[in-house]
Amino acid sequence: MHIDIITCLPRLIESPFKDSILKRAQAKGLASVNLIDLREYAEGKHKSVDDYAFGGGAGMVLMIEPIDRCISDLKSKRAYDEIIYMSPDGDLFTQAIANELSLKQNLILLCGHYKGVDERVREHLVTREISIGNYVLSGGELAAAVVTDAVIRLIPGVLSDETSALTDSFQDGLVAPPVFTRPADYKGWKVPEVLLSGDHARIDQWKQEKALERTQKRRPELLL
Ligand code: ADE
C-alpha cells in the first residue's frame, strides 16, 4: 500500500513514520508513506498556498490551485483508490473504515490547515472526507497520522504476530480484555489465576467473558 499525505506542514508529522510499526512496515516493503509539501506546488515569489476568505471572516483558506496541481501530478504517476480530505465534519473514523482502507492500494490524504480548503477542492477533487473525532485540530496532519497508523497496522505481515491485529479492540465488535505480564504478584496485586493455569480453553473463555463484560461497562453502544 502507498499513502501520499499532502500537507503544508510536513515536519509536523515526520516522526510517527520513522519509528516502531510504521517504520517496520515500510522497511519490509509492505507500505510506503510519502509526505508531500504543498508549497512545492505553489507559484509566485512568496510560494503562497493560502489566501483570505472571500466575504471576510477570520482565518486563511488553502487555495485550490496548488492542491489541484499537486493532485494532478500524483495522479499522473499512480491510480488512487481514494483521495481523502481530513476534516472535522467528515465521516467519523472507525475500525470498520480502517479495515476497508487497509485493502486499498494507493491513497491520498489531504490535510487542511488554518480555516480549511477552498470548498471547490471538496466538491471536485476529493472522493471522501474523514474526521477522527468531534473536536477541531489545528490541521489535518495529526488526523492523517492517526488514519495512516490505524490502516497500515492491519496490512497482513505488518504486525509480527498476525493474530494481534485480529484481537484488537473493536475488531470483533468488542473492546479487548485486560492483559498482564510479569511479575505475577506485585505488592500483593495478583494476576488472575486462570491466566497462569496453562489451560488454553479456560483462558480463551475468560478472555471472551472479560471482553464482553468490559464492553458492557465501557462501550455498551457496541452491543446494540
Ligand atoms: N482537521 C481538523 N480537525 C480534524 C478532525 N477532528 N479530524 C480530521 N481532520 C481534522
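Tutor: Let's start with a cut-off: a residue is called buried when its relative accessible area is under 20%. Keep in mind that this is a predicted model.

Student: Okay, so why is Cys 111 called buried?

Tutor: Its relative accessible area is 1%. The limit is under 20%, so Cys 111 counts as buried.

Student: And what makes Cys 8 buried or exposed?

Tutor: Same kind of check. Cys 8 has 4% relative accessibility, so it goes down as buried.

Student: How do you know whether Cys 111 is in a disulfide?

Tutor: Look at the sulfurs. A disulfide needs two cysteine sulfur atoms within 2.5 Å. For Cys 111, the closest cysteine sulfur belongs to Cys 8 and sits 8.3 Å off, which means it is too far for a bond. By that rule the count is zero disulfides. Cys 8 is in none either, its nearest cysteine sulfur being that of Cys 111.

Student: On to the ligand. What makes the backbone of Ser 87 a polar contact of the ligand?

Tutor: A backbone N or O atom of Ser 87 lies 3.2 Å from a ligand nitrogen. The cut-off for a pair of N or O atoms is within 3.5 Å, so the pair qualifies. Gly 133 also offers a backbone N or O atom, 3.1 Å from a nitrogen of the ligand. For Leu 137, a polar backbone atom is 3.0 Å from a ligand nitrogen. As for cover, the ligand taken alone exposes 260 Å², and the protein buries 96% of that.

Student: Which residues come nearest to the ligand?

Tutor: There are 13 residues around it, and the nearest are Ser 87, Ile 132, Gly 133, Tyr 135 and Leu 137. By class, the shell holds eight nonpolar and five polar residues, with no charged ones.

Student: Which strands supply at least two residues of that shell?

Tutor: β5 (82-92) and β7 (128-131) each do. β5 gives the most, with three residues.

Student: Last one: which residues have the most contacts inside the largest nonpolar core?

Tutor: Ile 5, Phe 93, Leu 101 and Ile 152, in a core of 31 residues. To be in it, a residue has to be buried and joined to the others through side-chain atoms within 4.5 Å. Elements giving two or more residues to this core include β1 (2-7), α1 (20-27), α3 (95-102) and β6 (106-111). β5, which we met at the ligand, is on that list too. The largest share, seven residues, comes from α5, which spans 141-152.

Conventions. Residues are numbered from 1 along each chain as its sequence is written. This is a predicted model: local features need pLDDT of at least 70, side-chain atom pairs count only at pLDDT 80 or more; totals for chains, interfaces and linings use all residues. Side-chain values use heavy atoms; hydrogens and water are left out. A residue is near a molecule or strand if one of its heavy atoms lies within 4 Å of it. A polar contact is a pair of N or O atoms within 3.5 Å; within protein, one must be able to donate a hydrogen and the other to accept it, and residues adjacent in sequence count only if both atoms are side-chain atoms. Accessible areas come from the Shrake-Rupley method with a 1.4 Å probe; for residues, only the protein chains shown count as cover. Helices (H or I, at least four residues) and strands (E, at least two) are DSSP runs, numbered from the N terminus. Ala, Val, Leu, Ile, Met, Phe, Trp, Tyr, Cys and Pro count as nonpolar, Asp, Glu, Lys and Arg as charged, and the others, Gly among them, as polar. Buried means under 20% relative accessible area, exposed over 50%, partly exposed in between (1.4 Å probe, protein chains only).
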